[in-house]
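Work through the exercises below with the sequence and the model open side by side. Try each task before you read its solution.

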Amino acid sequence: MQTPQDGTGHPAPADATAALGTRDRILATTARLLQHQGYEGTGIKQIAREAKATLGSVYHFFPGGKQELAMEALQHGDREFAELLRTVLATVEDPADAVLAAVDAFADALRASGWTDGCPVTTTALETTGTSPEIQEVCAAAFRSWQDAVHDKLRTAGIPEPDARELAVTVINTLGGAEITAQVFRDDAPLRIAGRHLARLIRTYR
């Protein structure tokens with residue numbers, strides 16, 4: 001989803017990155033830190049320390065510094081989450097049940113992480129609004145890619161345009177808000193409730 005995943009589908013602990021090459025280890029570590037701390041709260045020295053890399057290595061692979069590294073790490077998190085989303089959606093033929101299965105998987109992973117491993121881009125997206133157009137575009141592209149994953153599932157199930165596109169946007173937007181609420185309350189009920197109502201909504205289009 002965000003950083004390397006364990007068998008439950010949520011990011012594995014930081015030490016699971018040890019088997020990665022230096023560049024991938026720096027990216028995975030940065031993605032995890034951005035997810036938890038955001039852009040402003042994450043420094044190059046901390047990234048190097050937790051990735052078990054030298055500062056020289058960080059700047060060798062990412063000569064553009066923190067912004068370049070953050071943008072690539074966010075894209076890394078985007079790809080992992082999109083892949084996970086598509087994989088879960090593909091396991092169930094009915095689109096409503098597939099979305100419900102995805103929500104249940106995310107809720108299980110969020111609970112298992114101690115409510116810390118939420119959306120890979122939300123924290124950074126919110127704090128860089130109006131200050132970093134480059135990072136904002138990477139975050140926007142991530143949301144669009146997740147919408148595309150849901151959209152493709154809905155189209156495959158025979159839901160026409162523009163309904164499929166609008167439903168996909170609704171699914172991702174709703175789950176984003178429900179996930180934040182679940183983290184605040186430390187309770188997966190908001191996610192599971194949202195999933196059930198999204199499934200009912202999708203069924204009305206079939």
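Buried means under 20% relative accessible area, exposed means over 50%, and partly exposed lies in between. Keep these cut-offs at hand. The model is predicted.

**Exercise 1.** Classify R111: is this residue buried, partly exposed or exposed? Then do the same for its salt-bridge partner D188.

Solution.
- Step 1. R111 has 43% relative accessibility, so R111 counts as partly exposed.
- Step 2. D188 has a relative accessible area of 10%, so D188 is buried.
- Step 3. The two side chains meet in a salt bridge, at 3.1 Å from N to O.
- Step 4. Place the partners: D188 sits in the loop between helix 8 and helix 9 (189-203), and R111 in helix 5. They are 77 residues apart, and the pair links distant parts of the chain.

**Exercise 2.** Which residues are joined with D188 into one network of salt bridges?

Solution.
- Step 1. Start from D188. Its side chain also meets that of R192 in a salt bridge, at 3.2 Å from N to O.
- Step 2. Follow the shared partners. Salt bridges join D104, D108, R111, D188 and R192 into one network.
- Step 3. Locate D108. It lies in helix 5 (residues 95-112). Its relative accessibility is 45%, so D108 counts as partly exposed.
- Step 4. Check a spacing. The C-alpha atoms of D108 and L191 are 9.9 Å apart, though 83 residues separate the two along the chain.

**Exercise 3.** Which parts of the chain does the salt bridge between E50 and R32 tie together?

Solution.
- Step 1. Recall the principle: side chains of opposite charge can pair when their charged atoms come close.
- Step 2. Find the contact. The E50 and R32 side chains meet at 3.0 Å, N to O.
- Step 3. E50 belongs to helix 2 (residues 44-50) and R32 to helix 1 (residues 22-37), so the bridge ties together parts 18 residues apart in sequence.
- Step 4. Compare with the cut-offs. E50 is partly exposed at 28%, and R32 is buried at 13%.
- Step 5. Put the pair in context. The structure holds 12 salt bridges.

**Exercise 4.** What does the UniProt record list for residues 43-62, and how much of that span is helix?

Solution.
- Step 1. The unreviewed entry lists residues 43-62 as "DNA-binding region".
- Step 2. The span is 70% helix and 0% strand.
- Step 3. Its end C-alpha atoms lie 14 Å apart.

**Exercise 5.** Which residues form a nonpolar surface patch with F185?

Solution.
- Step 1. I180 and V184 join F185 in the patch. Together the three have about 330 Å² of accessible area.
- Step 2. F185 is in helix 8 (residues 163-185).
- Step 3. With 60% relative accessibility, F185 counts as exposed.

Key: Residues are numbered from 1 along each chain as its sequence is written. This is a predicted model: local features need pLDDT of at least 70, side-chain atom pairs count only at pLDDT 80 or more; totals for chains, interfaces and linings use all residues. Side-chain values use heavy atoms; hydrogens and water are left out. UniProt positions are given in the numbering used here, feature names are shortened, and annotations may be inferred rather than shown by experiment. Helices (H or I, at least four residues) and strands (E, at least two) are DSSP runs, numbered from the N terminus. Patches are made of residues with over 30% relative accessible area and no salt bridge: like charges are joined within 9 Å, nonpolar side chains (Val, Leu, Ile, Met, Phe, Trp, Tyr) within 5 Å. Accessible areas come from the Shrake-Rupley method with a 1.4 Å probe; for residues, only the protein chains shown count as cover. A salt bridge is a side-chain nitrogen of Lys or Arg within 4 Å of a carboxyl oxygen of Asp or Glu. Buried means under 20% relative accessible area, exposed over 50%, partly exposed in between (1.4 Å probe, protein chains only).
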